[in-house]
Structures are given as structure tokens and as C-alpha cells.
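Dear colleague,

Please find below the sequence and structure that I am handing over to you. My notes on what was found follow directly after.

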Amino acid sequence: MRNDCAACRLSECRTQMVEPDGATDSILAVGEAPGAEEDERGVGFIGAAGRTLRREIEAITGLPREGWSRANIVRCRPPNNRKPFADEVRSCTDKLKEAIERQNPRVILAVGESAGRVLCGERLRAGAYLPQVARMIADAQQRGSQALPLYEGRRVIPMPHTSGLAWNRTYKTPEGNRKIAELGRDAIRLAAQCFPVSGRPWTAHGRIAKAAEQAAAAWFVRACEGANEGAFLHYKPGYIGFWISRKHPGEHWVRDIPISNGMNEQEIASFIFDRARSLPIVSEVDLC
Ligand code: SF4
């Protein structure tokens, strides 16, 4: 348990400081402040809002929790989950900058209005937050990542808060009401498209793993009719890999088939089914 900072009044009511954690050279999600569960256990993004963010990042990018990193604009929980005051944010700014330096993120996702306004600075004016975020994301989708604001030399993508209350609501656009969750997913997709995290194979988890597993099961049924040795289905961001080992020595090969990061799990499942149908029959399937 770490409790060695008393630079602002939040030190008087916290249980413990919540330190940034997660993978370097990946996506860094920066939220507002620790909540009750985080304060109690000293781990960031484990409450309901954190779990939603984790589920969405995993579904869109394929990165499990350990594949991206987390920090907050203040490390101590404000009483009754109130928003941190400006002087508390200022007191904690050096710590956030240190975390960014250490995590060396490819892109920062600013989760929720408090983090968005701190990290996007003057690029977000006073007034409604979500329409401005939507415009910024649409602009970056058209013009590329250089349209995004910089914080400590890193591109920042603002997004809505992932608390159940915020995520399941709608916001007004000139074309009518739009789901806040869709805007959040657009932000994560933009992060995956503009700043793909590559070079490490990722194990499939969650909904994508389920989709892949179902496809592998169907493939296995066909495999039982054959006499070959093995096949391995592997998912990493942007790719489905089929590792196939046939019964004849030396007949091993890998097929990495690009998929779109924007695909949802149903699309990935049907994609795998289609590809599996065209592959040779195998006798064993493992999801690695
Ligand atoms: S919020 Fe930041 S500055 Fe304030 S006491 Fe906690 S660690 Fe220190």
C-alpha cells in the first residue's frame, strides 16, 4: 500500500494511492480518479466503469487488460466520488507526466470529461463536451492522427466516461440523438487504427475468444473426419492466424489472415467460419 504523498487534501480521505499500471508502448487510458473499489484495493480501473472500458478495448483491439495501461489525473479518491478540484489536479500533474514518460504510450485515451478537458487543453472549449469529442474524432478519421491534440508529446483521443450511467445514454447531434457508447467505441477504434499495437502475439480473451472458440469447435467437427495432426487458431489485433500441422512431416504452415480492427465479434466469428470452410480438414484444434 502506497501512501507517501500529502501534496493535496485528497491525502486526508483516501485509503491508499492508486498507482498507474499496465503495458508500456501501448494504449494508455487516463481517467478522472480512483473510485471506491480502486481506493480499497489499490488497483486502477477495476470498478464497473473500468470493467466496461476493459471489455470494449478487448473487443475492439484484442488487447487484454495486461496489454494496455491505466492512470488517473489524480491518484487519490475524492470524497463521495466528487470531481477533483483544479488545485488537486494541478498538485498531481507531475505524477501524471511521470507516468506518461514511464509508460511511453503510443496514444492516450482520455476517458471522461475531467480527463478529456485536462489532456486536450484548449482544443476542448467550454460548453457541451460530447459534441466536441465527436467532431474531434470525425476530424481525425478524415485527416489522420495529426488532427488530434498533443499532451506531453503524445496524441490524445478524448472519449466519454464508461460508467453505466454515462455509457448507456444518448447525446444530441445535428442528425438526432446518438448513443454515447457508439462514440466511445469510435474513439477506441480510432486508437486501434491510428496507433496499432503490434509485435506481440495476443491470446484471445472475452467475447473474441468466444467467437473464435465457436469457430474452432465447428472446424473441429470437420477435423474429426480427417486424419491430419493439428491446427491452432490464434488471434492478435488485426489478424486471425491459422497454424496448421498436417499428418505428413514437413507439411506445416501458418496463415495469418488480416481482419479489420473495426469488426465486432459476430463479424469475426462468421469471418473465421468462412475461412475455416476453405481450409484443409484437420484433426485437432486448440485455441492458444
Ligand atoms: S491526489 Fe496526487 S497530489 Fe494529491 S495527495 Fe494524492 S498523489 Fe498526492
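**Helix H3 and its surroundings**

Helix H3 covers residues 86–103, and its end C-alpha atoms lie 24 Å apart, which agrees with the 26 Å that its 18 residues should span at 1.5 Å a residue. The expected span is 1.5 Å times one less than the number of residues. Helices (H or I, at least four residues) and strands (E, at least two) are DSSP runs, numbered from the N terminus.

Please note that this is a predicted model, in which local features need pLDDT of at least 70, side-chain atom pairs count only at pLDDT 80 or more, and totals for chains, interfaces and linings use all residues. Residues are numbered from 1 along each chain as its sequence is written.

H3 has a kink of about 45 degrees, centred on Cys92; the bend at a residue is the angle between axes fitted to the seven residues ending there and the seven starting there. Cys92 is also among the buried residues of H3, together with Val89, Ser91, Leu96, Ala99, Ile100 and Gln103. A residue is buried if 20 or more other C-beta atoms lie within 10 Å of its own, exposed if 12 or fewer, and partly exposed in between, with C-beta atoms placed from the backbone. The cover over these buried residues includes strand S2 (27–31), strand S3 (69–72), helix H4 (113–120) and strand S6 (154–159); contact here requires C-beta atoms within 7 Å.

**The ligand shell**

Cys92 appears once more around the ligand: it is one of the closest of 14 surrounding residues, along with Cys5, Cys8, Ser11 and Cys76. A residue is near the ligand if its C-beta atom, placed from the backbone, lies within 6 Å of it. The shell comprises nine nonpolar, two polar and three charged residues. Ala, Val, Leu, Ile, Met, Phe, Trp, Tyr, Cys and Pro count as nonpolar, Asp, Glu, Lys and Arg as charged, and the others, Gly among them, as polar.

**The sheet**

Six strands form an open sheet of mixed pairing, in the order S1-S3-S2-S4-S6-S5. Its edge strands, S1 (21–22) and S5 (150–151), each pair on one side only. Two strands pair if DSSP finds at least two bridges between them. S1 and S3 run antiparallel and are joined by two bridges; Asp21 has Arg70 in S3 as its bridge partner.

**Two asparagines**

Asn80, in the loop between S3 and H3, has a positive phi of about 55 degrees although it is not a glycine. Asn80 counts as exposed because it has 7 C-beta neighbours inside 10 Å. Asn104, just after H3, takes a positive phi of about 45 degrees.

Yours faithfully

Notes. Two residues are in contact if their C-beta atoms, placed from the backbone, lie within 7 Å.
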